[in-house]
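Let's take a friendly look inside this protein, starting with its packing and then turning to its empty spaces.

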Amino acid sequence: MKNILWAIALLAITGTGCNKMLDEVVVTNTTDDFYNTRNGFKTAVNASYAGMRIFYSTERGMTLTVVGTDTYTNGSDGNFKFANQYTSQLDARYDHVRELWNGLYQSINNSNVVIDRADQVKDLDSASKSLGVGEALFCRAHYHFILLQTFGNIPLRLHENKEINTAATRDTASKVYDAIISDLKMAAQYLPAVQNEWGRATRPAAEHLLARVYLTRASSPQAQPDDYANADKYAEGVIKNYSFKLLDDPGKVWAQGNENNVETIFAAQYTTDPLYASPDNNACRFFLMQYDVLNGMQRDLANGTPWKRFRPTAFLLDTLYKDRVHDVRYEKFFTTVWFVNKPTTTPWVMKLGDTAVYMPGRPVTDAEIKSKNYLLVSSDKYTERLYPSLNKFNDALRPDNQASGVRPFIAFRLAETYLIAAEALYKLGNAQGAADMVNAVRMRAARQGSTPAETQVNQEAMKIKATDVDIDFLLDERGRELIGEQLAWFDLKRTGKLIERVKKHNPDAGAVEAKYLLRPIPQDQIDRSSTPFPQNPGY
């Protein structure tokens with residue numbers, strides 16, 4: 001595990017490919033020749049994964065993908081509310097776009113070191129070479145795809161940057177898509193179905209990402225006639241050709257310690273070891289309401305550190321999760337009850353383990369509220385500080401309340417693979433096939449009854465028909481299943497629904513407009529380029 005977690009800084013040889021690195025800092029005694037050795041090659045392969053921890057489970061990655069959508073808006077705290085509200089502060093000086101751009105390009109260059117130098121490593125056996133190159137190709141494609149979705153036309157970097165280069169151009173999206181697809185197809189040829197070390201790229205991970213890439217390109221100006229067919233082919237291949245299965249209980253997918261389960265296809269890795277840890281794994285903090293100031297409550301590891309950055313919209317809670325009789329996902333994914341961890345006698349006696357706060361998810365009367373010896377919160381009284389809290393990323397194993405998270409972040413899982421296939425089949429005119437794929441996900445979310453007959457009633461209630469399927473329903477289902485998993489903004493953009501659904505369902509984001517379909521190119525990238533580097537329109 002530690003090998004893959006070592007995101008060594010290859011500062012002597014890396015850059016963004018467009019980065020004028022004027023202030024290089026020597027952090028090791030490693031020379032350039034080291035990366036032409038077997039150990040150096042392995043180190044470079046491990047460094048290829050560094051970008052995963054730049055994007056996944058970080059404030060930058062979460063803010064760019066979770067809020068500013070129809071399902072999540074801003075909470076009371078944080079410096080980046082403008083990313084949800086689409087105000088003028090969302091400009092080229094925005095920290096998160098700069099950090100994402102620079103970090104992913106450096107990780108792309110780490111990958112290029114592996115790919116370009118593999119044949120120069122004399123003591124490297126062919127199997128290790130193919131495996132390392134396959135992992136680097138997967139990482140390079142992954143980072144280019146994130147950048148492409150976020151910024152549009154981007155510089156395509158397919159070779160190691162060996163010297164300072166200040167000239168940069170934006171390659172067309174068509175060219176970048178072709179390179180991403182080529183990388184992933186080659187990666188799938190080199191990678192095994194299962195790796196000895198969990199967290200490394202595999203063939204099904206490459207194929208899942210290929211399905212996602214084809215689905216995204218299919219609805220873009222760069223669309224090719226067979227994109228939807230390819231999205232379905234690769235998604236169904238992952239479903240049918242490997243040993244992945246949907247867990248019986250959706251709540252167990254994200255259970256701490258169970259991330260390496262039969263539904264997980266690929267996960268970004270973190271650790272408690274200070275030698276390898278990234279400081280940015282903070283998803284466990286962002287979704288939590290301010291429980292620690294309420295009567296009978298104090299901050300602890302089990303309940304988490306409530307940074308109250310992200311708050312669910314009424315649309316998510318009241319519409320997408322309206323069915324809480326047959327569908328268990330709301331109760332599995334959200335915390336709605338908090339228990340006393342700080343006993344008190346005022347304004348009433350609250351003993352350790354008693355209910356301290358309850359959010360029943362419906363309007364409640366003043367009489368009901370007054371009748372309880374705990375805080376009963378009506379669904380029409382949620383605020384930027386008080387709301388049901390997504391618990392997928394809770395991390396009770398952090399060393400203390402100030403420490404960052406240690407959990408792996410599940411980036412690809414089989415439920416999404418089914419929903420990719422569903423969308424592709426729908427677009428191919430096969431609505432029944434799409435409904436079948438969606439129903440596979442919905443059946444496992446059906447409440448288990450006290451008898452098989454009761455379970456069957458719930459399953460039947462969850463089933464959809466072919467006539468129920470359209471893009472809005474598919475987006476709704478992705479919201480119910482994949483909430484918080486850094487896909488929502490990309491999903492809305494891909495389907496052409498971002499502006500419509502954000503304006504309709506996110507009252508804090510009414511300023512969203514067409515220019516926000518792309519993020520601004522970081523100003524420092526424009527400034528450091530010796531050739532004109534155009535900004536995205538409107539910024």
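## Inside the fold

Phe334 makes a good starting point in this predicted model. Leaving aside residues up to four places away in sequence, Phe334 touches Tyr72, Pro312, Leu316, Leu317, Tyr321, Pro388, Ser389, Leu390, Asn391 and Ile483. Phe334 also belongs to the largest nonpolar core, which has 147 residues. Together with Tyr72 and Phe138, Phe334 touches the most other members of that core. Helix α7, spanning residues 126-151, supplies the largest share of the core, with 12 residues.

Now for the empty spaces. How many cavities of 30 Å³ or more does the structure hold? There are 7 of them, and the table sets out two.

| Cavity | Volume | Nonpolar lining | Polar lining | Charged lining |
|---|---|---|---|---|
| Largest | about 130 Å³ | 7 residues | 4 residues | 6 residues |
| Second largest | about 90 Å³ | 3 residues | 5 residues | 4 residues |

The largest cavity has 17 lining residues, and those nearest its centre are Leu475, Arg478, Gly479, Ala488 and Asp491. Two elements, α18 (471-482) and α19 (488-494), each give two or more residues to this lining. Of these, α18 provides the largest share, 5 residues.

Which residues line the second largest cavity? Its wall is formed by Glu59, Thr63, Val67, Asn74, Asp77, Gly78, Asn79, Phe80, Lys81, Asn84, Arg309 and Phe310.

Key. Residues numbered from 1 in each chain as written. Predicted model: local features only at pLDDT ≥ 70, side-chain atom pairs only at ≥ 80, totals over all residues. Heavy atoms only, no water. Core = buried A, V, L, I, M, F, W, Y, C linked by side-chain atoms within 4.5 Å. Buried < 20%, exposed > 50% of the residue type's maximum accessible area, 1.4 Å probe, protein only. Helix = DSSP H or I, 4+ residues; strand = E, 2+ residues; numbered from the N terminus. Contact = heavy atoms within 4.5 Å. 1 Å grid on protein atoms, 1.4 Å probe; cavity = no way out; pocket = protein on both sides within 12 Å on 5 of 7 lines; lining within 4 Å. Points joined across faces, edges and corners; volume = space filled by probe spheres on them. Nonpolar A, V, L, I, M, F, W, Y, C, P; charged D, E, K, R; others polar.
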